[in-house]
Amino acid sequence: MSVLLVAAALVLIGIIIIQIARASELLSVVKGEQEGEVTEDTNRSVSIFLFGFMIVGLIASVWTAYAYSDMFLPEASSVHGVELDGLFNMTLFFTGIVFIITQILLFAFVFFYRGTKERKATFFAHNNKLEVIWTAVPAVVMTVLVIFGLKAWMKTTGPAPEDALEMEAIAEQFQWTIRHSGKDGKLGKRSFDLITPENPLGIDWEDENSHDDFLTTEPFLPVDKPVLFRLGSKDVLHSFYLPHFRVKMDCVPGIPTQFWFLPRHTTDDMREKTNDPDFTFVLACAELCGSAHWNMRRDLIVVSEEEYLEWFNKQEPMYNTIKASLNLETDSDISMENSGNEAETPASVL
């Protein structure tokens, strides 16, 4: 209700200002000035209004940033995300300074150089010194920002550490299929021409690396271990977005993409840091991919290495399931079921 009252008050103030300006014009007509001629009184009124608008606008910009700060993302939960946040803050610092200076100059010029009968505008075609300054300064700042940005980009899209856990995310309208590498820590090959109703990902079962791969509904990751995501799409353009880890990469049909990152907080850690018992990391599609685009949201879970191993050893390889469905004998050497022995540590987390 208070928002509606404030909005109504602002509308009323605007109407009052318009009526005052109109009355000023009518008064000018009474004084013998031509109707429609812009008078000094009108220029002064408009310039004062715009200068006040600048002050209110700048205050509102700062206030909204403070008032809605609780809706900002929490601290980055990946190592490289800290670097990206620093880059974002540096960019905001420079652009914020430019924004404030340009707004003050814009409205100050309107106020101090408003039209009068005694003043005539000076026209000049160009000023080489001024043009060099306003071209060189932004160019230098942009070059610095681009260099830092490329450095961060090359780090996450470059070669992953040798001990990185390999995972695959295949997008389609409107779901994610998450494939997890098994004990060998390597994903098996796949090809689009191998896709069938029984093999929707087109996995090459002749590749032994695929024999211990398994599917999971939610990405399940160990903390402090590098994770390499290989991405793909089966239909349209999608985008694999992990906002809390500051990573986003498009999933392009026919073109494999990838990135890697290092989680530094578990889900439980973030629940304590945010004081939110329901906090969870989010996997979202950041590309408008169709009418049910919203349905591609998934939770992502990060746990300690001990919890990860406990979960990992309960997973069943897809290869076993397929062989069982065909009434064939399952290879005992690729079974990942916990048979009562000590849980085996997968190569991906050694």
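Strand β7 (residues 247-251) has two faces: V247, M249 and C251 lie on the covered one, while K248 and D250 lie on the uncovered one. Strands here, like helices, are DSSP runs numbered from the N terminus (E, at least two residues, for strands; H or I, at least four, for helices). The model is predicted, so local features need pLDDT of at least 70 and side-chain atom pairs count only at pLDDT 80 or more, while totals for chains, interfaces and linings use all residues. Residues are numbered from 1 along each chain as its sequence is written, and side-chain values use heavy atoms, with hydrogens and water left out.

The partner of β7 is strand β6 (residues 238-242), which runs antiparallel to β7 and is joined to it by five bridges. Two strands count as paired if DSSP finds at least two bridges between them. Within this pair, H238 stands opposite C251. The two strands form a hairpin with four residues between them, and R246 in the turn has a positive phi of about 60°.

Both strands belong to an open sheet of five, in the order β4-β10-β9-β6-β7, with mixed pairing. Its edge strands are β4 (220-222) and β7, each of which pairs on one side only. From one strand to the next the twist averages 25°; axes for such angles are lines fitted to C-alpha atoms, for helices over the stretch in contact, and angles run from 0 to 180 degrees between N-to-C directions. At the β4 edge, β4 and strand β10 (residues 298-303) pair in the parallel sense over three bridges. There P222 stands opposite V303 in β10.

Back in β7, C251 is buried, with a relative accessible area of 0%. Buried means under 20% relative accessible area, exposed over 50%, and partly exposed in between (1.4 Å probe, protein chains only). Which disulfides does the model contain? The count comes to zero, a disulfide being a pair of cysteine sulfur atoms within 2.5 Å. For C251, the nearest cysteine sulfur is that of C285, 7.3 Å away. C285 in turn has its closest cysteine sulfur in C289, at 4.0 Å, which is too far for a bond. C285 also counts as buried, at 7% relative accessibility.

A second open sheet has five strands in the order β3-β2-β1-β5-β8, again with mixed pairing. β3 and β8 stand at the edges with a single partner strand each, so one side of each is left without a neighbour in the sheet. The twist in this sheet averages 25° from one strand to the next. Strand β1 pairs with strand β5 (residues 227-233) in the parallel sense over seven bridges, and I170 stands opposite G232 in β5. Strands of a sheet pair through backbone hydrogen bonds, either parallel or antiparallel.

Charged side chains also link strands of this second sheet. A salt bridge is a side-chain nitrogen of Lys or Arg within 4 Å of a carboxyl oxygen of Asp or Glu. The side chains of R179 and E168 meet in one, at 2.8 Å from N to O. R179 lies in strand β2 (residues 175-180) and E168 in strand β1 (residues 165-172), so the pair ties together parts that are 11 residues apart in sequence. R179 forms another salt bridge with D213, where the closest N and O atoms are 2.8 Å apart. This pair links distant parts of the chain, with D213 in the loop between β2 and β3 (214-216) and R179 in strand β2, 34 residues apart. R179 is buried, with a relative accessible area of 1%; D213 counts as buried at 0%, and E168 is buried too. E168, R179, R190 and D213 are linked in a network of salt bridges.

The whole structure holds 13 salt bridges. Among them is the one between E75 and R264, whose closest N and O atoms are 3.0 Å apart. E75 lies in the loop between α2 (40-67) and α3, and R264 in the loop between β8 (257-261) and α5 (267-274), so the pair ties together parts that are 189 residues apart in sequence. Here E75 is partly exposed, with a relative accessible area of 37%, and R264 is partly exposed at 28%.

The surface also carries a nonpolar patch, formed by F93, F94, I97, I101, L105, F109, F112 and Y113, with about 830 Å² of accessible area together. Patches are made of residues with over 30% relative accessible area and no salt bridge, with like charges joined within 9 Å and nonpolar side chains (Val, Leu, Ile, Met, Phe, Trp, Tyr) within 5 Å. Areas come from the Shrake-Rupley method with a 1.4 Å probe, and for residues only the protein chains shown count as cover. One of the patch residues, I97, lies in helix α3 (residues 79-112) and is partly exposed, with a relative accessible area of 36%.
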